[in-house]
Amino acid sequence: MTGWEQLAVLGAGLGAGVLTSTVGVASLLSFPVLLAVGLPPVVANASNTVGLLPGAISGSIGYRKELREYPRVTAVVLATCAVGSVGGAALLLALPPGVFEAVVPWLILLSCLLVGAQPWISRWLRRTRNEPGRLRHEMSPATAVFAVLTGTYGGYFGAGSGVMMAAVLGLGTDLPVRTVNALKTLAVMAANVVATVIFVVVADLDWLAIGLLAAGSLVGGYVGAGLGRRMSPTVFRVLVVIVGVTAAVLMLL
């Protein structure tokens with residue numbers, strides 16, 4: 001990589017770190033940059049996952065107060081996404097490059113729709129439950145299954161996995177948006193930790209790209225947590241929908 005290309009990757013890491021802790025579409029910024037500087041798709045995908053891990057860790061540290069408020073949900077999110085990520089990383093290494101390219105944009109669009117409609121869907125679900133006034137501060141078995149599937153996707157590709165986890169938690173629980181944002185960041189971290197261990201052992205990686213992404217995302221993740229904590233629920237949903245739809249459309253072009 002030339003000097004300018006290295007700066008581009010560093011900047012992509014910084015921006016991706018902020019996105020990890022806010023709207024959750026980090027890979028949609030950093031992955032295309034790695035392709036643009038000449039990395040093969042599978043190497044770029046694996047290197048991107050490893051390089052963005054520090055951002056997810058620093059973002060989770062930035063949200064430590066929110067995560068301590070609901071320790072049981074935090075533990076379930078960690079476990080389900082870590083388990084799912086094992087399968088996702090195995091799929092990345094076993095399947096031909098780009099096998100899910102046609103599906104990913106539609107998954108992101110669906111997640112954006114669910115996040116945007118979450119207040120109305122949640123109100124409808126509360127009216128249909130036997131205890132409509134009781135808030136759900138635990139994950140049901142069905143929500144946990146969808147969390148595992150989101151972790152699988154995160155280990156395989158990860159672009160938009162934060163948006164998907166926000167949709168899962170927004171519909172499956174009645175937790176505050178700031179807590180959903182924290183758990184979504186933690187979910188990305190859990191998936192990236194497991195995938196990183198696997199990729200370091202068996203995948204081809206570009207360590208220069210990883211180092212640049214890691215340096216940028218480490219700072220961006222912590223900064224993004226501060227922004228995400230102060231973000232109102234409406235602003236969060238609007239940003240997720242705008243950024244997610246834009247990214248999905250660009251992927252379809």
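Me: What is the volume of the second largest cavity in this model, and why does this space count as a cavity rather than a pocket?

Reply: The second largest cavity holds about 40 Å³. Keep in mind that the model is predicted. The space is called a cavity because a 1.4 Å probe fits there but cannot get out. For the count, the cut-off is 30 Å³ or more, and two cavities come through.

Me: Which residues line the second largest cavity, and what makes each of them nonpolar or polar?

Reply: The lining consists of Cys81, Thr150, Gly151, Gly154, Ser161, Met165, Ala187, Val188 and Ala191. Cys81, Met165, Ala187, Val188 and Ala191 belong to residue types that count as nonpolar. Thr150, Gly151, Gly154 and Ser161 fall among the others, so they count as polar, glycine included. That gives five nonpolar, four polar and no charged residues. Helix H8 (141-156), H9 and H10 each supply at least two residues of this lining.

Me: How much space lies in the largest cavity, and which residues are closest to its centre?

Reply: The largest cavity has about 140 Å³ of space. Of its 16 lining residues, Ser27, Gly158, Ser161, Val188 and Asn192 are the closest to the centre. The lining divides into five nonpolar, eleven polar and no charged residues. Helices H3 (41-62), H9 (161-172) and H10 (177-202) each give at least two residues, and H3 has the largest share, with three.

Me: Now the helices. Why are H3 and H11 described as roughly parallel or oblique to each other?

Reply: Set the angle against the cut-off: H3 and H11 pack at about 30 degrees, with their axes 7 Å apart. Angles under 35 degrees count as roughly parallel, so that is what H3 and H11 are called. Their crossing is right-handed.

Me: How do you know how many charged residues the contact of H3 with H11 has?

Reply: Go through the names. H3 brings Ser47, Asn48, Val50, Gly51, Leu52, Pro54, Gly55, Ser58, Gly59, Ile61 and Gly62, while H11 brings Ile210, Leu213, Ala214, Ser217, Leu218, Gly221, Tyr222, Ala225 and Arg229. Asp, Glu, Lys and Arg count as charged, so Arg229 fits that class. The contact therefore comes out as ten nonpolar, nine polar and one charged residues.

Me: Why do H3 and H10 count as oblique to each other, and not as roughly antiparallel?

Reply: H3 and H10 pack at about 140 degrees, with axes 8 Å apart. The roughly antiparallel class needs an angle over 145 degrees, so H3 and H10 are oblique to each other. The crossing of H3 and H10 is left-handed. In H3, residues including Ala46, Val50, Leu53 and Ile57 take part, meeting residues of H10 that include Val188, Met189, Asn192 and Phe199. This contact has twelve nonpolar, six polar and no charged residues.

Me: At what angle do H1 and H11 cross, and what is the handedness of that crossing?

Reply: The axes of H1 (residues 3-21) and H11 (residues 207-230) cross at roughly 35 degrees and come within 6 Å. The crossing is right-handed. Its contact residues are 13 nonpolar, ten polar and no charged.

Me: Which residues are closest to the centre of the second largest pocket, and which helix gives the most to its lining?

Reply: The second largest pocket has a volume of about 500 Å³. Of its 20 lining residues, Phe146, Leu149, Thr150, Met164 and Val168 are the closest to the centre. H8 gives the most, with seven residues. The lining divides into 15 nonpolar, five polar and no charged residues.

Key
Residues numbered from 1 in each chain as written. Predicted model: local features only at pLDDT ≥ 70, side-chain atom pairs only at ≥ 80, totals over all residues. Heavy atoms only, no water. Axes fitted to C-alpha atoms, helices over the stretch in contact; angles between N-to-C directions. Helix = DSSP H or I, 4+ residues; strand = E, 2+ residues; numbered from the N terminus. Left-handed = near helix turned anticlockwise from the far one by under 90°. 1 Å grid on protein atoms, 1.4 Å probe; cavity = no way out; pocket = protein on both sides within 12 Å on 5 of 7 lines; lining within 4 Å. Points joined across faces, edges and corners; volume = space filled by probe spheres on them. Parallel < 35°, antiparallel > 145°, perpendicular 65-115°, else oblique. Contact = heavy atoms within 4.5 Å.
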